[in-house]
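Grab a coffee and work through these short exercises with the model open beside you. Try each task before you read its solution.

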Amino acid sequence: MEQNEKLSFHFDVDGNDFTSAGEASVKVKKLMRQLGFSPELTRRVSIAMYEGEINMVIHANGGVADVYVDEDCLRVVLADEGPGIADIETAMQEGFSTAPDNIRALGFGAGMGLPNMKNYSDEMKIDSIVGQGTTIELKFKVN
Amino acid sequence: MDSYKHSVFLETEKCKGCTNCLKRCPTEAIRIRDGHAVINPVDCIDCGECIRVCEQKAKRAVYEKLEDLDSSKYLIALPAPSLFGQFNALADADYIIQGLLDIGFDDVYEVARGAEIHTEYTRRYMNRKDIVLPLISSACPVVVRLIKNRFPTLTDNLLPLLAPMEIAGKYARREALKKHPELKPEDIRTVFISPCPAKVSWVKSTMLDQEVYVDNVVSASEVYFRLISAMKREAPPKAASKTGMIGLSWASSGGEASSLLNEGYLAADGIENVIHVLDKIENGQLSNVSFVELNACPGGCVGGTMMVENPYIARVKLQSLRRYLPVSMNRVPKTGDDPETYVPEELIDARPFTYVVSDQGALNMSRSESIRMMMEIENIYEMTPQIDCGACGAPTCRAFAEDVVRGEAQMDDCLILIRERFKAMLNKQKSAAPQPE
């Protein structure tokens, strides 16, 4: 095996299926347990990733999630080809949501997705182009 | 090492090594090795799924036999609420109490009474300000073990109260000593009549270094068959049941949670549903729920593997039995400095928090080695057919890849890969053979 080869996991997030949103974060939980990461870190990664999955299903008709594992750092990259975020600063405010009413009726769209992703990760980077899509990178330090 | 004493047992000679239990085990704790099932004691949570699906009846629940109980002792039966849902055309719960005395028990203390006391104190506990919500019931031992094994961050959400069976055992013993001053504590045996093997494990595993609440655990189905013949008598029962609707409602899913008279509750049953709900709670998705009742068995305790009746039929029977009962017959007085939140110290249970599961499932003690092994697992998984047939002895191709990397299985154990190789070999021979004119 090559020295520079890194451990990574790839997940497709199906945009048409609300019930399967969150499957990737559940799978990551199991993988992290097998890798010996602490339950607390695992929970943080899982919550942040779940929020990302839900966002991609609600706003972008799905996307992909990749998790890159290092001994001292975990990186989660969520990428979609959705409408993009016009004003990232406003989108980051707690309670702000552009989710339509039918989504809110399901209990989603509380405006906590992006804030939770920021709160539960150590670093968060958003790249978004309106009309093209959004890529969010979350970093988690391992103690 | 994890010292949990399991109560699911395999009769090796009956096991044909089929894939029924392998595929159904929710924690992937089973492998087929040398033609029969092997249970990994660390991952097993005693849910009983394998007992339910075994066609050969090779998987058995472990419990104590009625004839092995020490009849020189003062034996107090602690019947589970679910036992009351097993009988046809039962007009009155009193017949069961009388029946238990007639088959040789010296006294009866219904676990349903312990449940009613449990319910009252849970209501008070929930008035506390410093608790972690949602509160998760700790009454099902499978759920407690599952949380310790797979959802350790939810440990603080567990309700730290003794289970109804244990409250019943404790109070039964106290009542007996009062009624019979001639008895010494060591003369008494409390005998739980259990719907499931998980309760056997719980009693055998956690009583070692503290007060004993339940001394023996017997199977409800064994007691049932004894009762059936004892209960045919014409005479009306002399003994009386002392439980209300709430106590009996604990037998099926939703009984515990709905008794709290609290709107924000959730009740889930069946081990797969339980795991889904725990995943949701761990991800913070159930913010509007304050109490969660989880039962590993379908339908709740009436779905236990040591029950006789179908769980949904048992539920109906319990409903008709409950119809004319008072809501509760076991009220507890308002005492303590703050009666609205008071729970007696002797009913607080620290075990869910103190008992440690040593192995959280890491591939290796060293993280770098775990990462290396995981990469190998990914590579091997890519080579497998990914049809999860189970013929290799692992429940999924993914689990097979893990076993190979752990050194517990070889690539040649995969029949599909062998078939491919065999086909390739045949094709090669065919093309090498001289073609007919």
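Before we start: helices here are DSSP runs of H or I with at least four residues, strands are E runs of at least two, and both are numbered from the N terminus. Keep in mind that this is a predicted model.

**Exercise 1.** Work out in what order the elements of chain A run from the N terminus on.

*Solution.* Start with the tally: chain A has five helices and five strands. Now walk along the chain, and you should read off β-α-α-β-β-α-α-α-β-β. Next, check the overall fold size: the radius of gyration is 15 Å and the globule rule gives 15 Å for 143 residues, so chain A is as compact as a globular protein of that length. Finally, the box that its C-alpha atoms fill, along the principal axes, is roughly 45 × 25 × 25 Å.

**Exercise 2.** Find out what share of the residues in chain A is buried, taking under 20% relative accessible area as the cut-off.

*Solution.* Of the 143 residues, 48% are buried. Then turn to the outside: about 7400 Å² is exposed, with 45% of it coming from carbon and sulfur atoms. For charges, count 13 positive and 23 negative side chains; the centres of these two sets are 6 Å apart.

**Exercise 3.** Identify which elements the buried residues of H5(A) pack against.

*Solution.* First list the buried residues of helix H5 (residues 113–120): Gly113(A), Leu114(A), Pro115(A), Asn116(A) and Met117(A). Then follow their contacts, which lead to helices H2 (39–60) and H3 (88–91) and to strands E3 (73–80), E4 (123–129) and E5 (133–141) of chain A.

How values were computed. Residues are numbered from 1 along each chain as its sequence is written. Chains are lettered from A and ligands numbered from 1 in the order in which they are written. This is a predicted model: local features need pLDDT of at least 70, side-chain atom pairs count only at pLDDT 80 or more; totals for chains, interfaces and linings use all residues. Side-chain values use heavy atoms; hydrogens and water are left out. The radius of gyration is taken over C-alpha atoms; the globule rule is 2.2 Å times the number of residues to the power 0.38. Buried means under 20% relative accessible area, exposed over 50%, partly exposed in between (1.4 Å probe, protein chains only). Accessible areas come from the Shrake-Rupley method with a 1.4 Å probe; for residues, only the protein chains shown count as cover. Lys and Arg count as positive and Asp and Glu as negative; His and the chain ends are not counted. The place of a charge is taken as NZ of Lys, CZ of Arg, CG of Asp or CD of Glu. Contact means heavy atoms within 4.5 Å.
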